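Please read the points below with the model open beside them. They go through one chain, then the other.

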Amino acid sequence: MGAQDMPTPAQVREALREVMDPELPVSIVDLGLVRGVEVRDDTVHVRLTFTSLGCPCTDVIKEDVQERLLLLPGVRRVEVEEVFEPWSVRDITPEGLITLRELGIT
Amino acid sequence: MPGDWTENDAALAALVNLVVVLADNKYYLGRRLSEWVAGAPSLEEGVSAAAIVQEELGHARVLYPLLEELPFPHRPQPLEREQDRQRRYAVSYVDSPWPAWPHAVAALALIDTAITTMLEHLSGSSYEALARRVGRILHEESFHMAYAEGRVRSLCETEAGRRLLQEQVDVLLPEMLLWFGPPGEAGVEALRSEGLVAGDNEAWRQSYLGRVAPLLLEVGVRLPLGLQWDLAHRRWEWAELPWERWNRLQRRLEKAAVRQ
């Protein structure tokens, strides 16, 4: 399958909006966990950080990312790289903050 | 992947040892503290302890995979369960469950702070995979230090509490001073020569004491080993440390031999 059939990084990010944090009804994109997306040949490489190094959901999130992105046309392989960039509430998007506020989490 | 320093056998061996020592101490500190989450004096302290446990185990989780990456033939196995490996690279203070809360307070104040002191000297390491993880760990550790200081102050509000903490400081602080290793340690010199670590054994020990000793003195805990600040030389001084009981590979204090 040619590279022209692969999704763009923007389309990959859009798909990742459907991957929710297992503890909060906020996508990993809005939570600010996605730190990079690359598309090469039939492979998508996603760089993720987590809210804490002890986050109990790391494996679940990685599996959910794999599962969702493999549904995209042309994608045969998904690489999830855990990077160790700091995370804080300032990384949450305005949309994510609105959802959290509605739940009483500020 | 690591750079040219992987050709330096002495540096590589010391680095593997350093990684497993850091990871094992984080692992066992988390395990021991987890046993006190429900036994902390207050609900608030218990909840905070639970968060610290999660992070300490998380720090071990991201350090252990470095052992797989380093090209060294005799790499210790990462720990998932305590019985996964017989040889422990953690201080003896975390060998067994702690019988009382002051043990947990002493460990947070003295062990966690020692590890953090060491990590601060690794944040610019030429081993980038380690340096990246260290940056994130230190970011999380600032809360641990504030928590530990708060628990030390809280415990020492009563004479009984201060006495209990004193007993633990007397036991643990000497082991933590040993933990930084003898001056001029060969493996450390190899690490320094490759830019893998900053500082040296004595600088780390002084930096550590500069952080923990003032707090202990402020809350009325006496320093063991005749530890005192030498104003003329602007450094901490102490009596002899029990190097004869120091296990330099596992970086832990061995039990005193029983006399026949």
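1. Chain A has an open sheet of 3 strands in the order β1-β2-β3, with mixed pairing; strands count as paired if DSSP finds at least two bridges between them. β1 and β3 of chain A are at the edges with a single partner strand each, so one side of each has no neighbour in the sheet. On average, neighbouring strands of this sheet are turned by 15° against each other, direction ignored. Strands (E, at least two residues) and helices (H or I, at least four) are DSSP runs, numbered from the N terminus.

2. This is a predicted model, in which local features need pLDDT of at least 70, side-chain atom pairs count only at pLDDT 80 or more, and totals for chains, interfaces and linings use all residues. Residues are numbered from 1 along each chain as its sequence is written, while chains are lettered from A and ligands numbered from 1 in the order in which they are written.

3. β1 (residues 34-40) and β2 (residues 43-48) of chain A run antiparallel and are joined by 6 bridges. Val34(A) has Leu48(A) as its bridge partner in β2(A), and Gly36(A) has Arg47(A). The two strands form a hairpin with 2 residues between them, and Asp41(A) in the turn has a positive phi of about 50°.

4. Two helices lie across this sheet. Helix α1 (residues 9-16) of chain A crosses β1 and β2, at about 130° to β1(A). Helix α2 (residues 58-69) of chain A crosses β2 and β3, at about 155° to β3(A). The axes are lines fitted to C-alpha atoms, for helices over the stretch in contact, and angles run from 0 to 180 degrees between N-to-C directions.

5. Thr93(A) is in the loop between β3 (77-82) and α3 (94-102) of chain A. Is Thr93(A) buried or partly exposed? Thr93(A) is partly exposed, because 14 other C-beta atoms lie within 10 Å; 20 or more would make a residue buried and 12 or fewer exposed, with C-beta atoms placed from the backbone.

6. In chain B, helix α6 (residues 159-179) has 21 residues, which should span 30 Å at 1.5 Å a residue, and its end C-alpha atoms are 30 Å apart, in agreement. The expected span is 1.5 Å times one less than the number of residues. Gly181(B), which follows α6(B), has a positive phi near 85°.

7. Between the chains, 6 residues of chain A are in contact with 14 residues of chain B, contact being C-beta atoms, placed from the backbone, within 7 Å.

Definitions and conventions:
Two residues are in contact if their C-beta atoms, placed from the backbone, lie within 7 Å.
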